[in-house]
Amino acid sequence: MRDGRWRRAGGALLRVTVVWAVSTLTMLVLAAALPDFRLQSPDGDSLTRTALTAAWGAGVFGLLTALVWPLVVRALLLVPAFVLGLLVFFLNGSLLLLALRLIPDGRGGAAPETAVVVAAVMSAVASATSTALAVRDDDAYRRRLSRLATRRRRRAGPGGPGQDCPGAVFLQLDGVGHEVLLRAAKDGVMPTVAAWLDGGHRLVPWRTDWSSQTGSSQLGILHGSNHDVPAFRWYEKDTGRLMVSNRPASAVELERRAVERTGDGGLLTGDGASRGNLFSGGADQVALVLTVSTRRARSNRSRAGYFAYFSDPANAVRTALSFVSEVGREIRQSTRARLRDEGPRVPRGGLYPLIRAFATVVSRDVVVAAVLGDMLAGRRAVYADLVAYDEVAHHSGPHSADATQVLASLDRSLALIAQIAEHAPRPYRIVLLSDHGQTPGETFESAYGLDIRDLVRAGCGLPVPRRAGRTHSGAEARDAARNALRAALHRREADGEPPPPSGPDAEPIVLASGNLALVSFPDGPGRLSREEIDARHPALLTTLANHPGIGFLLVRSERHGSVVLGPGGVEVPLAELTDDRPPLAVFGAGAADAVRRTDTFPHVADIMINSMYDPGTGEVHAFERQVGSHGGLGGEQSQPFLLAPPDLSPAVPDGGELIGAEEVHRVLRRWLHECAPDTPASDTSAPGTQAPGPAPEPVRGARLPDAPTP
């Protein structure tokens with residue numbers, strides 16, 4: 001035993017010495033190559049003296065990064081994450097300048113901009129050397145992981161996780177549709193997924209609700225209810241509040257409503273962890289979770305996950321370098337698409353390259369590291385959201401080469417998680433799923449020259465911007481509105497009815513959620529009926545229903561209940577609505593039920609608008625600037641997937657269908673019960689009632705997958 005300890009201590013000392021020597025050599029090479037970086041006195045030094053100076057500087061820099069860096073990162077937790085990624089370079093450069101100042105006799109010096117470069121290169125080389133040494137000694141790496149797991153079990157105390165009871169890791173690939181996953185596995189883009197499929201994993205598609213977006217799907221999956229979430233953003237007349245699913249205040253309210261409706265804390269209640277999600281799922285361990293981002297308690301600060309990752313300077317530099325590389329990759333890819341006049345295309349300038357790099361690099365690395373820590377800590381259940389593909393597919397297209405590169409990167413993350421699971425203190429069942437897919441297509445504005453807000457304003461007889469009025473579609477909409485208005489006025493005059501009121505009515509609120517749009521009249525109490533809308537704006541519904549870019553409308557009727565309106569005067573009461581008749585015939589199975597369910601929501605809009613869908617091309621027209629969209633009905637956006645290992649029961653019986661996020665929640669709950677039979681199949685405790693366990697330590701030295709190769 002004692003000999004083994006001395007041997008391990010000697011190995012650790014050897015690795016530190018090797019890293020120090022390599023860092024010293026790197027510093028010497030950089031001093032020779034960079035004119036503004038010196039390791040000699042002004043009068044010059046011998047080679048031996050210069051080498052000793054480099055060794056001193058490299059050693060002090062290594063100590064500073066190990067001791068000071070975690071404190072600096074913790075102090076900067078309130079800095080936005082993508083800004084922190086850029087600050088990594090400057091902070092490392094500052095530590096190097098400090099290390100050079102500590103060299104005796106003032107032999108070290110560098111210009112500030114040069115110090116940034118030198119520090120980045122040295123950190124990268126040290127990280128690569130450490131990783132190479134760990135790779136060469138697999139036994140040492142396994143022992144280190146085992147020690148981490150043992151230490152965390154001890155910290156967990158007597159009530160900590162058991163050795164034999166399996167845990168579950170749910171990994172959400174945001175926006176990856178069922179067909180996209182199958183194609184990526186078949187084409188070799190995702191070999192890890194392909195190996196799982198070949199090994200017997202069960203892959204099933206599931207059908208989203210009408211609102212096919214993360215806010216609705218993830219709320220239903222984690223909390224068992226997505227009732228009254230009609231879209232990604234909507235207006236609530238009773239409170240005058242604009243709800244947006246990815247805003248902290250809105251997410252907190254949605255989670256509160258779901259818990260109140262179900263009486264259940266969530267899927268992750270009781271030794272669960274929520275990572276990178278909109279909602280907590282009732283987990284005690286949360287990081288990068290939107291609903292806790294506004295809490296002040298240290299244990300619940302959402303950005304604590306960044307500290308756990310960036311406190312390791314090797315992680316920080318590696319992620320920062322990948323971040324910069326991803327920004328350059330996006331600029332290069334968007335420039336190439338513009339020069340080649342590839343379409344459909346949306347603007348990708350401004351801050352978007354930074355936003356993309358945050359989603360594909362920073363968020364991915366931090367979330368994956370948190371999941372690794374959760375598994376080594378033996379958490380019962382982990383749910384993590386990887387958003388990289390969804391972000392890129394919105395702007396490049398779900399089937400683009402850009403999005404395919406991201407899928408390959410995500411597959412490497414999955415492989416790493418599967419490898420680390422072998423060293424966890426308990427076996428893990430890794431379940432892969434998505435919250436929705438994406439459907440490609442040219443934007444509504446690009447196709448018709450005006451956006452949905454302009455079209456609604458034209459139908460209401462309100463002024464539209466000149467750019468919209470000059471387009472063919474804009475002029476066409478104005479003419480249609482004018483003709484419909486004349487016809488409506490003629491009917492009223494013939495029937496002896498008074499003309500519509502001409503008072504100063506408030507303008508309609510038009511909100512876009514992918515290829516779904518919601519129109520609300522804030523001055524009208526409750527949900528306005530079709531008759532009330534016609535009285536106010538006689539041309540509006542006709543203009544919208546007959547526009548070639550719109551598939552159908554949902555409105556309430558005083559005479560027929562709610563009705564669906566389509567082109568050519570089609571009007572179908574909800575009770576008679578079917579999937580095989582216009583206007584829903586092209587939208588596939590389940591469309592009628594999805595519309596009927598949304599119609600029951602208290603905050604459904606006065607007018608619900610779904611864009612057209614062409615089954616021949618598989619395209620929709622998004623009402624936002626997205627060439628890959630989701631949020632409504634039509635195409636692959638409504639077909640996410642669920643991939644589970646064979647030792648879990650089938651998600652649905654043979655020939656059955658998995659419909660709705662709430663049903664997915666019940667399946668995941670059943671699987672958790674199968675993993676841990678002593679866990680109740682339905683947990684009704686409120687979130688936060690469980691005693692919080694120890695926060696996972698940062699996983700240092702784990703080789704996270706790099707960003708896609710340029």
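The structure holds two cavities of 30 Å³ or more. This is a predicted model, in which local features need pLDDT of at least 70, side-chain atom pairs count only at pLDDT 80 or more, and totals for chains, interfaces and linings use all residues. Residues are numbered from 1 along each chain as its sequence is written, and side-chain values use heavy atoms, with hydrogens and water left out. The points below cover the cavities and an open sheet of six strands.

**Cavities**

- A cavity is a set of points on a 1 Å grid over the protein atoms alone where a 1.4 Å probe fits but cannot get out, and lining residues have an atom within 4 Å of a point.
- Grid points are joined across faces, edges and corners, and a volume is the space filled by probe spheres set on the points.
- The volume of the largest cavity is about 40 Å³.
- Its lining consists of Arg202, Val204, Leu642, Ala644, Leu648, Ser649, Pro650, Ala651 and Trp671.
- At least two residues of this lining come from each of strand 4 (202-207) and strand 21 (641-644); helices (H or I, at least four residues) and strands (E, at least two) are DSSP runs, numbered from the N terminus.
- Seven nonpolar, one polar and one charged residues make up the lining of the largest cavity, where Ala, Val, Leu, Ile, Met, Phe, Trp, Tyr, Cys and Pro count as nonpolar, Asp, Glu, Lys and Arg as charged, and the others, Gly among them, as polar.
- The second largest cavity has a volume of about 30 Å³, and the residues lining it include Asp209, Trp210, Asn226, Arg597 and Phe601.
- Helix 22 contributes the most to the lining of the second largest cavity, with three residues.
- The lining of the second largest cavity has four nonpolar, four polar and two charged residues.

**The six-stranded sheet**

- The strand order is 12-13-17-14-15-16, with antiparallel pairing; two strands pair if DSSP finds at least two bridges between them.
- Strand 12 (509-513) and strand 16 (570-573) are the edge strands, each with a single partner, so one side of each has no neighbour in the sheet.
- From one strand to the next, the twist averages 20 degrees.
- Strand 13 (residues 516-520) and strand 17 (residues 607-611) run antiparallel and are joined by four bridges, with Ala517 opposite Ile609 in strand 17.

**Helices on the sheet**

- Helix 17 (residues 452-459) lies across strands 12, 13, 14 (550-557) and 17, at about 150 degrees to strand 12.
- Helix 22 (residues 591-599) packs on the sheet and touches strand 14, strand 15 (561-566) and strand 17, its direction making about 40 degrees with that of strand 14.
- Contact means heavy atoms within 4.5 Å; axes are lines fitted to C-alpha atoms, for helices over the stretch in contact, and angles run from 0 to 180 degrees between N-to-C directions.

How values were computed:
On a 1 Å grid over the protein atoms alone, a cavity is a set of points where a 1.4 Å probe fits but cannot get out, and a pocket is an open set with protein on both sides within 12 Å along at least five of seven lines; lining residues have an atom within 4 Å of a point.
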